[in-house]
Amino acid sequence: MEHPENDSKYTGLTVNSGVAQPPSVNPYLNLRPRRKPLPPPSELVEGIVKGDITALARAVTLVESMQPAHQAVAQEVIEKCLPHSGNSRRIGITGVPGAGKSTSIDEFGMHILKRGGKLAVLAIDPSSERTKGSILGDKTRMEKLSVQNDVFIRPSPSAGSLGGVARKTRETIVLCEAAGFDNIFVETVGVGQSETAVHSMVDFFLLIQLAGTGDELQGIKRGIMEMADGIVINKCDGDNVDRAKLAAAQFRSALMLFPPTESGWTPEVLCYSGYYGLGIAEVWDMIDRYFEFVQGNGYFDERRRKQARYWMYETINEQLRNNFYQNPDVQELLLAKEQRVLSNELSSFIAARDVTDFYFKMKNEK
Ligand SMILES: Nc1nc2c(ncn2[C@@H]2O[C@H](COP(=O)(O)OP(=O)(O)OP(=O)(O)O)[C@@H](O)[C@H]2O)c(=O)[nH]1
Ligand SMILES: [Mg+2]
């Protein structure tokens, strides 16, 4: 091709002859094997109960899928796994970003694996942005656990409503237990509502805190502290030890002002270092003592029963909401009403009543 700009008299940029670029569309795309057909539920259940990780992972993928066909299989698998579930310690772990959750889970996990048993690490993280980051982050931060045989690490189901994400994690707990995982960690980042969701599915709720600049207690919502069965101050190492101990004392005195817990257990405050592996055994001794205590006084079973009831209502709420919002006629009407509310032609309450009336009428006619 003629390139006037390559003329020796041309004073602008010159163009070099290039190399052929690869096609932008993968020529082998259509040669890829088709997706495997859905395995029958009974086959998955059989695999899960035998402890087959591949079957477990496939079932969890179905639980997380939005497709109705996948959901149908998933629900059947869960139902068949239920009689094999329940036999585990479910431990929720929360803390603000950077508190050291991943680093600590690696140490805690290795500590309990030494005693035998299997560990599943699940997460609840309803924000898609972080999910992408934390998959990468957790792979590197949980470097000891991620190469163990008896460990199943699963990042949070991808973004959706918190209720939806939490339900999937709860269902995944059932599958993991059926596969023989007798220790379940559910991690969540300590900002927002996800702690409540995690609290509603675990037996023990561990709050990881950091020693700060003296105003530790201000940043933490009271509600989260009230949910905690144990508070641990991480990064108690190097020249941070004194500050960590001070923070622990502050937490202890703050906890004394709280009303007694439902379980009768007094939450303990401990210092440790996840990174250097200091004080890990002490944290775990506390958790052991808690389980002994609540199994003795019956609170363990009571909490699980209450959680089961909670999840029944949560699931109903979610299904009602989905049924409403996913109805095409409702969607159309909603859009129209929304416009009128935005332009001040209609009050929010009347608009809401119009749409719900329409929905109830439609349901009654069916
Ligand atoms: N000095 C010290 N640093 C620690 C300790 N535990 C974690 N860290 C460091 O703190 C940083 C955050 O640790 P992570 O384990 O990724 O924290 P995280 O809570 O999982 O953070 P997110 O996944 O972002 O929510 C990392 O740079 C760790 O190396 C500890 O015990 N001592
Ligand atoms: Mg992390």
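How many aromatic pairs does the count come to in this structure? The count comes to 14 aromatic pairs, and the model in which they are found is a predicted one. A search of the whole structure also finds 17 salt bridges. The points below take up the aromatic rings, a pair of strands, several salt bridges, a surface patch and one residue of helix α14 in turn.

**Aromatic rings**

- Among the aromatic pairs is the one formed by Y290 and F291, which is edge-to-face, with 5.6 Å from centre to centre and 90° between the planes.
- Both members of this pair are covered by the protein, since Y290 is buried and F291 is buried as well.
- Y290 and F291 also belong to a cluster, in which ring pairs link them with F204, W265, F293 and F300.

**Strands and crossover**

- Strand β6, which covers residues 230-234, pairs with strand β7, residues 268-271, in the parallel sense over four bridges.
- At the level of single residues, G230 has E268 in β7 as its bridge partner.
- Together with helix α10, which spans residues 241-256, strands β6 and β7 make a right-handed β-α-β unit.

**Salt bridges between separate parts of the chain**

- Side chains of opposite charge can pair when their charged atoms come close.
- R89 and D288 meet through their side chains in a salt bridge, at 2.7 Å from N to O.
- Because R89 lies in strand β1 (residues 89-95) and D288 in helix α11 (residues 280-297), this pair ties together parts that are 199 residues apart in sequence.
- R89 counts as partly exposed, because its relative accessibility is 23%, and the class of partly exposed residues lies between the cut-offs of 20% and 50%.
- E107 and K144 form another salt bridge, in which the closest N and O atoms are 2.4 Å apart.
- This pair links distant parts of the chain, with E107 in helix α4 (residues 101-113) and K144 in the loop between α5 (128-141) and β3 (151-153), 37 residues apart.
- The two partners fall into separate classes of exposure, as E107 is buried with a relative accessible area of 16%, whereas K144 counts as partly exposed at 38% relative accessibility.
- R167 and E318 also meet in a salt bridge between their side chains, at 2.9 Å from N to O.
- R167 belongs to helix α6 (residues 162-178) and E318 to helix α12, so the pair ties together parts that are 151 residues apart in sequence.
- Here R167 counts as buried at 13% relative accessibility, and E318 is likewise buried, with a relative accessible area of 11%.
- Elsewhere, K337, R353, D354 and D357 are joined into one network by salt bridges that share partners.

**Nonpolar surface patch**

- M312, Y313, I316 and L320 form a nonpolar patch on the surface, and together they have about 400 Å² of accessible area.
- One of these residues, M312, lies in helix α12, which runs over residues 299-325.
- M312 is partly exposed, with a relative accessible area of 45%, and it can be counted in the patch because that requires over 30% relative accessible area.

**A residue of helix α14**

- Y359 lies in helix α14, which covers residues 348-365.
- Because its relative accessible area is 8%, Y359 is classed as buried, a class that requires a value under 20%.
- From C-alpha to C-alpha, Y359 and V186 are 37 Å apart in space, while in sequence they are 173 residues apart.

Definitions and conventions:
Residues are numbered from 1 along each chain as its sequence is written. Chains are lettered from A and ligands numbered from 1 in the order in which they are written. This is a predicted model: local features need pLDDT of at least 70, side-chain atom pairs count only at pLDDT 80 or more; totals for chains, interfaces and linings use all residues. Side-chain values use heavy atoms; hydrogens and water are left out. Patches are made of residues with over 30% relative accessible area and no salt bridge: like charges are joined within 9 Å, nonpolar side chains (Val, Leu, Ile, Met, Phe, Trp, Tyr) within 5 Å. Accessible areas come from the Shrake-Rupley method with a 1.4 Å probe; for residues, only the protein chains shown count as cover. A salt bridge is a side-chain nitrogen of Lys or Arg within 4 Å of a carboxyl oxygen of Asp or Glu. Helices (H or I, at least four residues) and strands (E, at least two) are DSSP runs, numbered from the N terminus. Buried means under 20% relative accessible area, exposed over 50%, partly exposed in between (1.4 Å probe, protein chains only). Two strands pair if DSSP finds at least two bridges between them. A crossover is right-handed if, with the strands pointing away from the viewer, the path from the first strand over the helix to the second runs clockwise. Rings of Phe, Tyr and Trp (its six-membered ring) pair if their centres lie within 6.5 Å; planes under 30 degrees apart count as stacked, over 60 as edge-to-face and the rest as tilted.
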